[in-house]
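Me: I should like to learn how to read the features of a protein model. May we go through this one together?

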Amino acid sequence: MKSSLSIGDAAARFSLPASVLRHWEDVGLLDPERDSGGRRRYGDDDLVRIGVIVRSKNAGMSLEQIGVLVDEQAPERHRVLEEHLADLDRRMADMERSRRMTEHALRCRSHDITTCPRFRAIMEEVVAGTGRWREAEEPPVETAVVSTDRGRKGREAAFAR
C-alpha cells in the first residue's frame, strides 16, 4: 500500500498534534516529500519512521537518541542503544521497588504507611541518603482492622504494628 497523507492525517493516525511532526522535521528526524503546492506528504516510509519515533519516545528515549537510532550512518548507534537498555533496566528496577512498596502498603495493618515500623525501617536508608527501597522481598504482613482513633492509644497501637 502506498500512502500519501497530509500532515493532519499523518498526525491523526498517531494521535499527535501536527506541530509535533513539524518539530520532528525541524530537528531532522523527518523529511517528508512536498507536493506541487509545497504541502508535506507522508509516505509509508515516513509513517514507519513516525511510528519508530513515537515508540522510542514512549520508551523514554530523547529526540537526540532517536536521531542516532534512525541515522544509518551513526557510528555511536550501539553505544546509545546500550545506554538506553541500562536506563530501562534502572527504571524497571525502580518500578519493581515501587510495586513492592505499594504491595507492602496494601497489606500493612497501619492505615498511615508512615507509621508502619517495618516501612519506616526500610525507609531509613532512603531518608539517610544511603540507599533505595530494599531489594529483599517483604515478609507477609498480617491484615487486620486497625482503629482509626488518633488518640494516644491509637497512635501507640499503630506504632506497635
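Me: Which phi does Gly 60 take just after H3?

Reply: Gly 60, just after H3, takes a positive phi of about 100°. Helices (H or I, at least four residues) and strands (E, at least two) are DSSP runs, numbered from the N terminus. This is a predicted model, in which local features need pLDDT of at least 70 and side-chain atom pairs count only at pLDDT 80 or more, while totals for chains, interfaces and linings use all residues. Residues are numbered from 1 along each chain as its sequence is written, and side-chain values use heavy atoms, with hydrogens and water left out.

Me: How many residues does helix H3 have, and what span does it reach?

Reply: The expected span of a helix is 1.5 Å times one less than its number of residues. Helix H3 covers residues 44–58, which is 15 residues, and reaches 21 Å from its first C-alpha to its last, close to the 21 Å expected.

Me: Which residues of H3 are buried, and what covers them?

Reply: Buried means under 20% relative accessible area, exposed over 50%, and partly exposed in between (1.4 Å probe, protein chains only). In H3, the buried residues are Asp 46, Leu 47, Ile 50, Ile 53, Val 54 and Ser 56. Their cover includes helices H1 (7–13), H2 (18–26) and H4 (63–69), together with strands E1 (33–34) and E2 (40–41).

Me: Is Ala 11 buried or exposed?

Reply: Ala 11, which has its place in helix H1, is buried, with a relative accessible area of 2%. Contact means heavy atoms within 4.5 Å. Not counting residues up to four places away in sequence, Ala 11 touches Leu 16, Pro 17, Ala 18 and Leu 21. From Ala 11 to Leu 47 there are 36 residues in sequence and 9.5 Å in space, C-alpha to C-alpha.

Me: Where do the buried residues of H6 lie around the axis?

Reply: The arc is that of the directions from the helix axis to the C-beta atoms. In H6, Phe 119, Ile 122 and Met 123 are buried. They cover an arc of only 95° around the axis, so they are on the same side of H6. On the other side, Glu 124, Val 127 and Ala 128 are exposed. The buried residues of H6 pack against helix H5 (77–107). Just after H6, Gly 129 takes a positive phi of about 80°.

Me: How many helices and strands are in the protein?

Reply: The protein has seven helices and two strands, and from the N terminus on its elements run α-α-β-β-α-α-α-α-α. Of its 161 residues, 26% count as buried.
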